[in-house]
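Notebook open, viewer loaded. I want to jot down what I look up as I go, strands and ligand included.

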Amino acid sequence: MKKGLIAPRAFKNYSAGHPWLRADDIVERKTLPSRPSAFFYGEHWWMCSPNSYLRLRRIGPNQPGWMKNPKLTRITNADQFTAFFGDWLYAHLKQTLLTKIEKMKFAADEEKSLRWVFSENDFIPGLIVDVFGGQIMVAQLLTAPMETFWLGIKPILNDVFTEVFARAPKEFVELRTAAVRKLEELEIIDPPAMAPLKTRWNGFLWNMTPASTQKTGAYLDQRENHRHAADLARQLKCKTAWDICSYQGGFSLHLLGAGLSVTAVDQSQAALDVLCENVQLNPELNPEKLTRVHADAFEWLKAQSVAGSKADAIILDPPSFVKNRENIATASKGYVELNSYALKCVSPQGLFVSCVCSHHISTDEYKKILTESARIAGRTFTIEAFLEASPDHSPAKGFSEGRYLQAWFLVIQ
Ligand SMILES: C[S@@+](CC[C@H](N)C(=O)[O-])C[C@H]1O[C@@H](n2cnc3c(N)ncnc32)[C@H](O)[C@@H]1O
């Protein structure tokens with residue numbers, strides 16, 4: 001990109017491959033489209049959101065001059081979009097799906113549940129597509145240009161799915177529930193009611209709930225972390241575990257599978273009910289070893305720490321407390337509070353898995369949070385492992401916001 005086209009302070013990030021430009025990063029603002037569009041600016045195509053603070057999001061790979069067409073600089077409807085991007089999109093979506101399926105190393109009896117399209121990370125900003133059990137597709141639409149081009153993109157997704165899985169999707173659901181839509185002046189729409197899908201994933205049977213309100217229905221990004229927690233709990237000979245913010249039992253099932261007695265705590269009764277069904281679906285798991293607690297994690301953990309209760313393994317996987325950069329300090333206090341209650345309760349030589357889900361908190365910042373929490377709890381720790389999201393959620397090069405999940409595996413002294 002010629003230096004004069006974007007503000008000097010944005011240039012370093014842009015040159016490193018970052019796919020966003022804010023309205024005030026753009027020098028020639030008068031050329032910007034006033035409606036949701038695809039727009040060629042500098043040396044790339046961008047999705048333009050005229051009502052958003054993030055004005056341009058790059059579409060396509062970070063390759064200067066990519067799909068340059070001297071006669072065409074903006075696209076404003078779905079037909080034009082597919083006429084221009086359709087062949088690329090088909091080939092790209094197919095390659096992305098095949099590569100991710102390979103990376104996930106699914107077991108022979110495992111049905112394919114994975115994140116197929118992860119927005120900017122897969123060069124298609126404003127769109128998330130998750131596949132459940134190789135049968136159901138859930139597409140989350142996040143931006144105004146994605147809504148504009150959706151009727152062109154949807155059939156391509158459908159066709160690629162049908163080719164790769166050798167069958168049409170049983171259901172293809174559109175989700176318009178994400179709060180970020182409000183930043184683009186898009187409406188939030190209740191999710192459609194869907195029957196749960198019984199599927200085998202990560203070694204267990206699950207009653208997954210595609211299109212329910214958390215994520216697109218499942219925390220597929222924690223797949224490796226679920227397994228790693230169970231492996232370490234086994235190695236450390238843990239007998240009891242607390243799965244705090246358990247949702248439908250991602251960690252709980254794996255810990256039960258490793259022979260531990262598990263107390264799962266969540267504020268969603270619906271999630272705890274599905275967790276119970278999930279345990280019952282797997283005859284090798286002993287439902288008597290599961291205790292479900294419908295409670296607020298802060299209050300419950302605080303009460304346990306005051307009472308001096310202990311567990312050999314504690315998993316903490318709360319929702320993100322960080323809404324934006326401005327509330328990092330408040331969020332950090334919340335993380336310290338929750339982590340310190342939990343740390344007090346881990347048995348000596350026990351396992352503590354602490355997860356944080358926000359690109360606003362760096363690994364250094366979270367390590368400081370853990371260190372401060374341990375100081376308050378009067379404990380010390382060694383770091384056994386640090387993992388991130390599953391490989392189907394890999395961040396694009398140069399896009400630090402794509403690294404949003406941290407899972408710290410600590411042994412507590
Ligand atoms: C990141 S998800 C957990 C995902 C889960 N560990 C997994 O691996 O599938 C966060 C969970 O925290 C729950 N939650 C949110 N706020 C909570 C609170 N204050 N107390 C207890 N649970 C809470 C949500 O209902 C949700 O199930």
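Ground rule for my labels: helices (H or I, at least four residues) and strands (E, at least two) are DSSP runs, numbered from the N terminus. I'm working on a predicted model, where local features need pLDDT of at least 70, side-chain atom pairs count only at pLDDT 80 or more, and totals for chains, interfaces and linings use all residues. Residue numbers start from 1 along each chain as its sequence is written, and side-chain values use heavy atoms, with hydrogens and water left out.

**Entry 1: a loop asparagine**

I looked up asparagine 202 and found it in the loop between β10 (197–201) and β11 (204–208). Is asparagine 202 buried or exposed? My cut-offs are under 20% relative accessible area for buried and over 50% for exposed, with partly exposed in between (1.4 Å probe, protein chains only). Asparagine 202 counts as buried because its relative accessibility is 6%. Its side chain makes a polar contact of 3.1 Å with the side chain of histidine 254. For me a polar contact is a pair of N or O atoms within 3.5 Å; within protein, one must be able to donate a hydrogen and the other to accept it, and residues adjacent in sequence count only if both atoms are side-chain atoms.

**Entry 2: β16 and its neighbours**

Next I went to strand β16, residues 346–357, and found it mostly covered, with 9 of its 12 residues buried. Which strand runs parallel to β16? That is β15 (residues 311–316), joined to β16 by 5 bridges. I count two strands as paired if DSSP finds at least two bridges between them. β16 also pairs with strand β18 (residues 405–412), here in the antiparallel sense and over 8 bridges.

Valine 353 of β16 is a handy marker: it stands opposite isoleucine 315, and it also stands opposite phenylalanine 409 in β18. Note to self: strands of a sheet pair through backbone hydrogen bonds, either parallel or antiparallel.

I then traced β15, helix α8 (residues 328–345) and β16, which make a right-handed β-α-β unit. Right-handed means that, with the strands pointing away from the viewer, the path from the first strand over the helix to the second runs clockwise.

**Entry 3: β8, α3, β9**

I checked another stretch: β8, α3 and β9 also make a right-handed β-α-β unit. Strands β8 (residues 136–141) and β9 (residues 171–175) run parallel and are joined by 5 bridges. Glutamine 140 has leucine 175 in β9 as its bridge partner.

Helix α3 (residues 144–165) holds isoleucine 153, which counts as buried because its relative accessibility is 1%. The C-alpha atoms of isoleucine 153 and leucine 89 are 8.1 Å apart, with the two positions 64 residues apart along the chain.

**Entry 4: the open sheet**

I found an open sheet of 5 strands in the order β1-β4-β3-β2-β5, with antiparallel pairing. Its edge strands are β1 (20–22) and β5 (74–75), each pairing on one side only. β1 and strand β4 (residues 54–59) pair over 3 bridges in the antiparallel sense, and arginine 22 has leucine 54 as its bridge partner in β4.

**Entry 5: around β12**

Alanine 241 sits in strand β12 (residues 240–244) and is buried, at 1% relative accessible area. Its C-alpha atom is 5.5 Å from that of alanine 311, 70 residues away along the chain.

Then I looked at phi. Most residues other than glycine have a negative phi. Lysine 237 has a positive one of about 55°; it lies in the loop between α4 (223–235) and β12 and counts as exposed at 64% relative accessibility. Cysteine 245 has a positive phi near 70°, and its place is in the loop between β12 and α5 (250–257). Cysteine 245 is buried, with a relative accessible area of 17%.

**Entry 6: the ligand**

Which residues come nearest to the ligand? Of the 18 around it (one heavy atom within 4 Å), they are His226, Asp266, Asp296, Ala297 and Asp317. A side-chain N or O atom of histidine 226 is 2.7 Å from an oxygen atom of the ligand. A polar backbone atom of alanine 297 is 2.8 Å from a nitrogen atom of the ligand, and a backbone N or O atom of glutamine 267 lies 3.1 Å from a ligand nitrogen atom.
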